[in-house]
Amino acid sequence: MKTTFYTSALILALCCGTGAVAQNNATTNKAQGNTTCTDKVCTTNASCPDSVLLSTRTDGNYEVRQYLVKGKNIMEADYAVHFPINSSQMSQTFSDNSSAVKSLKDFVAKFKSDTLMRIKAVKINAWASPDGVEASNLKLAKARAATFVAYLQSQCLEMKGMAVNTTSAVATWKDCLPMLDKLPQAEYKAAAEIINGNHTEAVKEAHLAKLPAVWDYLKSSVLPEFRCAEIEIHYTRSSIVEQRVMIKKPAPTPAPAPVAQAQPVAQNKPVVVEKQIEYLIIEDKHKGIIVEMDESNVDWE
């Protein structure tokens, strides 16, 4: 039996590859700070079948079966928004938020229209920069996380009842050090000596503020990157696949063997023998010939 598989046109129309990932300008080297978490991340039932038969039809010599094949590969979309200093109010026009917000809206629109997409988990990480009082900064980071969750749910009602895992943390001055590599060598060395010291975060901030070039660079190019909230959306996408199976034709029925005709049975009937005229010549001692003939009306003198 010959079997071929091909992806239906619906896949070509809806397939989104690995998904668009927004540009994230925040540094990837974040602090390990205090963490709070909401409900557990949603998971799917492991007992669910990998494929579901949707329909069956006949196309010529083929039986066509349409299946829903559940996606297994976890894809990820990442977006980040930034906040003004000492603020948890989200503004779409602040910093580069307009680009990130547009990308997030595009993803939400795709999720609403594509019935084959399934969101597996949503995680939001919110941050505060290390300058200032740590306790206040942690409170600010939590407020930023809550703001981003509310914004996400306002844009996509389908996510309103979905569990969201949130973390809130305050960056440390050591987290800022890799972002100071563009400073001149002397300024970088002086900043690194302070940051790698054994002083508290507040004392380190006071010493860094005494280095004008370093402090100006921190305020303009480093600290704003930590006043942010990031969202990670993990999702899968199923596929609709058609299986074409050639219909097996039944073997032809052999022609029946010819029936031998019965031979006629011999019957005991009388055989009719046609009478034939016989001519018999008889020799005699007498002279002459005597011929025996049929009876006739001829008189012999």
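## A tour from helix α5 to the sheet

Select helix α5, residues 185–195. In this predicted model, Ala191, Ala192, Ile194 and Ile195 of α5 are buried. Those four lie on the same side of α5, because the arc they cover around the axis is only 160 degrees.

Now turn to the face of α5 pointing away from that buried side. There you find Gln185, Ala186, Lys189 and Glu193, which are exposed.

What covers the buried residues of α5? Add α4 (173–176), α6 (201–208) and α7 (212–222) to your selection; these helices are included in the cover.

Next, the sheet. Show β4, β7, β5 and β6, in that order: they form an open sheet of four strands, and the pairing is mixed. Which strands sit at the edges? Pick β4 (75–82) and β6 (165–170), each of which pairs on one side only. From one strand to the next, the twist averages 15 degrees.

Zoom in on β5 (residues 117–128) and β7 (residues 228–237). These two strands run antiparallel, joined by nine bridges. Label Ala121, then look across to β7: His234 stands opposite.

Finally, bring in two helices. Select α2, residues 97–113: this helix lies across β4, β5 and β7. Against β4, α2 runs at about 145 degrees. Then select α3, residues 134–155. Helix α3 lies across β4, β5, β6 and β7. Its angle to β5 is about 150 degrees.

Key
Residues are numbered from 1 along each chain as its sequence is written. This is a predicted model: local features need pLDDT of at least 70, side-chain atom pairs count only at pLDDT 80 or more; totals for chains, interfaces and linings use all residues. Side-chain values use heavy atoms; hydrogens and water are left out. Buried means under 20% relative accessible area, exposed over 50%, partly exposed in between (1.4 Å probe, protein chains only). The arc is that of the directions from the helix axis to the C-beta atoms. Contact means heavy atoms within 4.5 Å. Two strands pair if DSSP finds at least two bridges between them. Axes are lines fitted to C-alpha atoms, for helices over the stretch in contact, and angles run from 0 to 180 degrees between N-to-C directions.
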